[in-house]
Amino acid sequence: APILFVWILGGAIALAGAVTYAELASMFPQQGGSFLYVLHAFGPFAAFFKGWGSFLVGNPASSAAIATILGIYFVDAVGWGERAIRPVAVGAATVVWGLNLRGTRFSGSLATALTMTKVGALGIVVILALAVGPGHWGRLTDGWGGAWPGPAAFAAALVGVIWTYDGWPNLTVVGGEIGDPRRRMAQALIASIAVVTALYVLMNVGYLVLLPMQELAGNEAPAASSAREILGDSGARVLSLLVVLSAFGSLFGISIAAPRFFYAMGKSGLFFDAFARVSADTAAPRFGTTWLWLLTVAYIVTGGFRQIIGYYVAISLIYNMLSVAAVYRLRHKLPDRERSFRVPGYPVVPAVFILAAAWVTGTELVDRPGRIGVGLLLLGLSVPAYLLWKRKRR
């Protein structure tokens with residue numbers, strides 16, 4: 001019961017953030033997404049602070065975590081040892097880097113195909129688990145009547161859950177490259193959260209039905225374990241390869257969005273000019289794409305999966321809080337600016353996201369200061385970096 005509840009809770013938190021971003025995206029539909037929201041709401045230092053966190057921690061750490069998952073499932077599929085996980089992850093990140101250098105049109109088409117494949121793969125997991133598997137449905141009733149974990153345990157669980165849902169801010173970064181972004185962005189944000197939440201809740205229902213709790217605890221490849229329960233070793237290998245393809249799609253999606261975020265930073269004069277340049281023949285932001293790849297590889301080589309998402313979630317929650325808070329400032333600062341979408345339940349809904357993010361970040365800081373401390377230290381470097389940047393610009 002607490003496991004299913006935390007996935008539903010994570011989806012509700014993500015939805016509160018997504019509908020807030022939908023209003024902000026309807027005001028600023030250009031490339032850059034949340035960087036622009038913070039810049040217009042709070043000024044250049046806040047925008048630099050957010051951009052610095054995205055560049056140094058947020059996007060490369062998330063890419064590294066996804067690449068590590070890809071490595072875990074690939075090794076499971078082909079029967080290699082654990083030592084191969086990091087080389088496979090680095091190889092996947094390198095392939096994605098090369099593909100993205102081919103240009104915007106190619107990247108967009110491939111991303112669409114990979115997304116459809118990814119959703120299909122997750123759907124297969126759900127169908128196999130719920131309709132085919134020899135499940136024990138009584139396991140779903142465990143925990144409803146007993147004592148539930150405390151708030152700190154839920155906050156710790158939300159670290160992984162929030163990271164899993166946290167692709168939605170990337171949609172707004174590419175707003176300048178889609179038709180009618182003011183209208184379509186809100187639809188995409190809300191629909192994506194609804195679909196992803198439904199898929200992951202159903203997947204976890206399947207895991208809980210198929211596998212006893214002692215097999216799920218600490219299991220980093222539950223989809224493979226579930227498939228092995230239903231289809232045996234050969235079926236588990238096939239499903240692991242589907243998860244590899246799904247992870248590759250997620251990795252590719254970040255590699256499209258992140259360099260365009262850096263592009264907006266460079267265009268605004270708050271980052272190196274090289275990030276604002278695109279290739280004349282492919283329109284790809286090559287410099288940003290290459291830096292994302294280099295930092296992703298650095299995270300893969302130096303950290304494990306749990307450490308990487310610990311760095312990422314704390315930082316992403318801090319700067320997503322800043323982005324969501326921009327809606328309050330911009331309601332007062334730019335009351336007459338065109339908005340094709342307004343946050344339902346304003347001002348409560350944005351506050352729900354901010355308070356939830358503060359709760360998870362604060363709990364992580366108290367309970368796991370070492371893990372979150374690395375990310376906060378890197379984020380804190382934004383202050384001297386900004387001062388140096390201002391001096392350089394003068």
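Helices are DSSP runs of H or I of at least four residues, numbered from the N terminus, and in this predicted model Ser226 belongs to one of them, helix α10, which covers residues 222-267.

**View 1. Ser226 and its contacts in helix α10.** Ser226 has a relative accessible area of 3%, and because buried means under 20% relative accessible area, Ser226 counts as buried. When its neighbours within four places in sequence are left aside, Ser226 is in contact with Tyr207, Leu210 and Leu211.

**View 2. The buried and exposed sides of helix α14, residues 369-380.** Ile372, Gly375 and Leu379 are buried in α14. Seen down the axis of the helix, the buried residues of α14 fall within an arc of 60°, so they line one face. This arrangement follows a general rule: an α-helix has 3.6 residues a turn, so residues three or four places apart point the same way. On the other side of α14, by contrast, Gly370 and Leu377 are exposed.

**View 3. The cover over the buried residues of α14.** Among the elements that cover the buried residues of α14 are helix α3, spanning 44-78, and helix α12, spanning 305-333. The cover also includes α13, which runs over 348-367, and α15, which runs over 382-393. The residues of α14 that are buried are Ile372, Gly375 and Leu379.

**View 4. A nonpolar patch on the surface, formed by Phe5, Trp144 and Trp148.** Together these three residues, Phe5, Trp144 and Trp148, have about 320 Å² of accessible area. Trp148 is placed in the loop between α5, residues 104-132, and α6, residues 151-165. With a relative accessibility of 32%, Trp148 counts as partly exposed.

**View 5. The protein chain as the setting for the close-ups, with 15 helices and zero strands.** The C-alpha atoms of the protein chain fill a box of roughly 65 × 45 × 40 Å along the principal axes. For 394 residues, a compact globule would have a radius of gyration near 21 Å, and the protein chain, with 21 Å, agrees with that value. Of the 394 residues, 53% count as buried, while the protein chain exposes about 16,700 Å², of which carbon and sulfur atoms supply 66%. Among the contacts between residues at least 6 apart in sequence, 80% join residues at least 24 apart.

Note on methods. Residues are numbered from 1 along each chain as its sequence is written. This is a predicted model: local features need pLDDT of at least 70, side-chain atom pairs count only at pLDDT 80 or more; totals for chains, interfaces and linings use all residues. Side-chain values use heavy atoms; hydrogens and water are left out. Buried means under 20% relative accessible area, exposed over 50%, partly exposed in between (1.4 Å probe, protein chains only). Helices (H or I, at least four residues) and strands (E, at least two) are DSSP runs, numbered from the N terminus. The arc is that of the directions from the helix axis to the C-beta atoms. Contact means heavy atoms within 4.5 Å. Patches are made of residues with over 30% relative accessible area and no salt bridge: like charges are joined within 9 Å, nonpolar side chains (Val, Leu, Ile, Met, Phe, Trp, Tyr) within 5 Å. Accessible areas come from the Shrake-Rupley method with a 1.4 Å probe; for residues, only the protein chains shown count as cover. A salt bridge is a side-chain nitrogen of Lys or Arg within 4 Å of a carboxyl oxygen of Asp or Glu. The radius of gyration is taken over C-alpha atoms; the globule rule is 2.2 Å times the number of residues to the power 0.38.
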